[in-house]
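I opened this notebook to record what I looked up, one item at a time. The entries are short and follow the order of my reading.

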Amino acid sequence: MTPLVSIIMGSTSDLPVMEKACKFLNDMQVPFEVNALSAHRTPDAVEKFAKGAKARGVKVIIAAAGMAAALPGVIAASTTLPVIGVPIKGMLDGLDAMLSIIQMPPGIPVATVGVNGAMNAAILACEMIALCDDSIAEKMAQYKAGLGEKIEKANKELAEVKYDFKC
């Protein structure tokens with residue numbers, strides 16, 4: 001299999017957060033890879049990865065980082081592929097990481113999801129790929145329809161909850 005999505009983490013300590021992205025991509029049957037690369041500790045490896053990702057068939061990169069959170073921007077600077085940044089909660093409840101990721105200079109965009117928003121990053125990656133892949137587009141349509149069904153089911157369950165003054 002050729003990975004369509006590459007998940008990159010600044011460190012394996014980010015894996016508990018990023019597992020949600022892995023699970024979603026796996027459930028959608030979207031081939032992906034997972035690696036740890038550090039913008040500060042392995043800058044040459046990050047640049048090599050970013051410059052070679054497109055040639056390897058990768059369509060979207062999800063880059064997770066905490067604190068200074070340079071990884072998504074460094075990757076975006078070396079590729080034309082879309083990069084989705086996932087700020088990891090650490091110091092300052094992840095606000096430091098989020099601000100680092102969203103404050104990119106003109107010409108180097110990084111799409112950014114909420115703090116620890118790994119699942120949303122995977123959903124966004126699938127939606128990007130679905131633009132050119134009817135199979136993934138259909139899976140995403142089914143997934144989105146399922147979200148509505150969950151809410152309808154929850155409302156039916158709430159209707160059954162009894163309180164003395166509940167109308």
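**Entry 1: the annotated stretch**

I began with residues 3–151, where the chain is 47% helix and 17% strand. The C-alpha atoms at the two ends of that stretch are 33 Å apart. I chose these limits because UniProt, in an unreviewed entry, places the feature "domain: PurE" there, and such annotations may be inferred rather than shown by experiment. I note here that the model is predicted.

**Entry 2: the whole chain**

Next I listed the elements. I found six helices and five strands in the protein chain. Read from the N terminus, the order is β-α-β-α-β-α-β-α-β-α-α. The chain has 167 residues, and buried ones make up 39% of them. I then took the box along the principal axes: the C-alpha atoms fill roughly 65 × 40 × 30 Å.

**Entry 3: aromatic rings**

How many aromatic pairs does the structure hold? I found one. The partners are F24 and Y143, with ring centres 5.0 Å apart and planes at 80°. Planes over 60 degrees apart count as edge-to-face, so this pair is edge-to-face. I placed F24 in helix α1, residues 15–27. Y143 sits in helix α6, residues 134–160. The two are 119 residues apart, so the pair links distant parts of the chain. I also checked the cover on both rings' residues: F24 and Y143 are buried.

**Entry 4: a nonpolar patch**

I turned to the surface. Which residues make the nonpolar patch? They are M67, M91, L92, L95, L99 and I102, and the patch is about 600 Å². I looked up two of its members.

L95 lies in helix α4, which covers residues 95–102. Its relative accessible area is 44%, so I logged L95 as partly exposed.

M67 is in the loop between β3 (60–66) and α3. At 49% relative accessibility, M67 also counts as partly exposed. Its backbone caught my eye too: phi of M67 is near 55°, a positive value in a residue other than glycine.

**Entry 5: another positive phi**

Q29 has a positive phi as well, about 60°, and Q29 is not a glycine. I found Q29 in the loop between α1 and β2 (32–36). Is Q29 buried or exposed? Its relative accessible area is 59%, so Q29 is exposed. The cut-off for that label is over 50%.

**Entry 6: the loop after α3**

I went on to T79, in the loop between α3 (71–77) and β4 (83–88). T79 has a relative accessible area of 14%. Buried means under 20%, so T79 is buried. What lies 3.1 Å from a polar atom of the T79 side chain? I found the backbone nitrogen of L81 there.

**Entry 7: P105 and V30**

My last stop was P105. I located P105 in the loop between α4 and β5 (111–112). P105 has 45% relative accessibility, so I entered it as partly exposed. I then took its C-alpha distance to V30. The two are 31 Å apart in space and 75 residues apart in sequence.

Methods
Residues numbered from 1 in each chain as written. Predicted model: local features only at pLDDT ≥ 70, side-chain atom pairs only at ≥ 80, totals over all residues. Heavy atoms only, no water. Helix = DSSP H or I, 4+ residues; strand = E, 2+ residues; numbered from the N terminus. Phe/Tyr/Trp six-rings, centres within 6.5 Å; stacked < 30°, edge-to-face > 60°. Buried < 20%, exposed > 50% of the residue type's maximum accessible area, 1.4 Å probe, protein only. Patch = residues over 30% accessible without salt bridge, like charges linked within 9 Å, V, L, I, M, F, W, Y side chains within 5 Å. Areas by Shrake-Rupley, 256 points an atom, 1.4 Å probe, with all protein chains shown as cover. Salt bridge = Lys/Arg side-chain N within 4 Å of Asp/Glu carboxyl O. Polar contact = N/O pair within 3.5 Å; in protein donor to acceptor, adjacent residues only side chain to side chain.
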